[in-house]
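Grab your viewer and a notepad: here are some exercises to work through by hand. Try each task before reading its solution.

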Amino acid sequence: MPDIENPKQAVGRKKAPQMSVVPATALAWLAEALRNGGVEKGYGIKNWRESEVCLTDYLDAASRHLMALQEGEDVADDSLVLHAAHLMATCAIIIDAQACGTLRDDRVLPGADAFAKVQAEILARRAAFEERRAA
């Protein structure tokens, strides 16, 4: 029997999003991290939709979880939830708050290229140091 695609499948594949590409394991941990913040910590489920939230608060939280993960800590002590799940939850909140119009972008915008300049300077100095050492 030839492999003929069902018309519903053909239409469905053209729609966004294709949720089947998201691992269920990641969704389960994301849900647990969001539940932990909303219920256990008492922030409220989807509280970011009810009132404005500051982007930098969530960037700071993401940085803390990322640094803990980078330092070898997989699980947050205060929630027993994976730091990676807290990272996903933080990003999900940023995306959803932006879509809902409740995200206040309080980043320092002037000099947005400053970090890129510093990275380039560091690499240039590192190369100069290596050249000096090789001479």
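The exercises below go through helices, cores, salt bridges and a surface patch.

**Ground rules**

This is a predicted model, so local features need pLDDT of at least 70 and side-chain atom pairs count only at pLDDT 80 or more, while totals for chains, interfaces and linings use all residues. Residues are numbered from 1 along each chain as its sequence is written, and side-chain values use heavy atoms, with hydrogens and water left out.

**Exercise 1: helix lengths**

Task: check the end-to-end span of α2 (24-40) and of α4 (83-100) against the expected value.

Solution:
- Start with the terms: helices (H or I, at least four residues) and strands (E, at least two) are DSSP runs, numbered from the N terminus.
- The expected span is 1.5 Å times one less than the number of residues.
- For α2, 17 residues should give 24 Å, and the end C-alpha atoms sit 23 Å apart, so the two agree.
- For α4, 18 residues should give 26 Å, and the end C-alpha atoms are 25 Å apart, so that agrees too.
- Now look just past the ends: Gly-42, just after α2, takes a positive phi of about 80°, and Gly-101, which follows α4, has a positive phi near 80°.

**Exercise 2: what is hidden, and under what?**

Task: list the buried residues of α2 and α4, then find what covers them.

Solution:
- Buried means under 20% relative accessible area, exposed over 50%, and partly exposed in between (1.4 Å probe, protein chains only).
- In α2, the buried residues are Leu-30, Ala-33, Asn-36, Gly-37 and Gly-38.
- In α4, the buried set includes His-83, His-86, Leu-87, Thr-90 and Asp-96.
- For cover, use contacts (heavy atoms within 4.5 Å). The cover over α2's buried residues includes α4, and the cover over α4's includes α2, β1 (53-54), α3 and β2 (103-104).
- Add one residue from α3: His-65 lies in that helix and, at 16% relative accessible area, counts as buried. Leaving out residues up to four places away in sequence, His-65 touches His-83, His-86 and Leu-87.

**Exercise 3: the nonpolar cores**

Task: which residues make up the largest nonpolar core, and which element gives the most to it?

Solution:
- A nonpolar core is a set of buried Ala, Val, Leu, Ile, Met, Phe, Trp, Tyr and Cys residues joined through side-chain atoms within 4.5 Å.
- The largest one has 7 residues: Trp-48, Val-53, Leu-55, Tyr-58, Ile-93, Ile-94 and Ala-97.
- Elements giving two or more residues to this core are α3 (55-70) and α4 (83-100), and α4 gives the most, with 3 residues.
- Zoom in on Ala-97: it touches Trp-48, Val-53, Thr-102 and Leu-103, again skipping residues up to four places away in sequence.
- A second, separate core of 5 residues includes Leu-30, Ala-33, Val-81 and Ala-89.

**Exercise 4: salt bridges**

Task: how many salt bridges are there, and how exposed are the partners in helix α5?

Solution:
- Side chains of opposite charge can pair when their charged atoms come close.
- The cut-off: a side-chain nitrogen of Lys or Arg within 4 Å of a carboxyl oxygen of Asp or Glu.
- By this rule the count is 9.
- Arg-125 pairs with Glu-121, with the closest N and O atoms 2.6 Å apart. Both lie in α5 (residues 114-134), 4 residues apart, about one turn of the helix. Arg-125 is exposed at 57%, whereas Glu-121 is partly exposed at 39%.
- Arg-133 pairs with Glu-130 at 2.7 Å between the closest N and O atoms. These two also lie in α5, 3 residues apart, about one turn. Arg-133 is exposed at 55% and Glu-130 partly exposed at 38%.
- Beyond these pairs, Glu-32, Arg-35 and Glu-40 are linked in a network of salt bridges.

**Exercise 5: a nonpolar patch**

Task: which residues make the nonpolar surface patch of about 350 Å²?

Solution:
- Patches take residues with over 30% relative accessible area and no salt bridge, joining like charges within 9 Å and nonpolar side chains (Val, Leu, Ile, Met, Phe, Trp, Tyr) within 5 Å.
- Areas come from the Shrake-Rupley method with a 1.4 Å probe; for residues, only the protein chains shown count as cover.
- The patch is made by Met-19, Val-21, Val-22 and Leu-27.
- Check one member: Val-22 sits in the loop between α1 (7-12) and α2, and its 32% relative accessibility makes it partly exposed.
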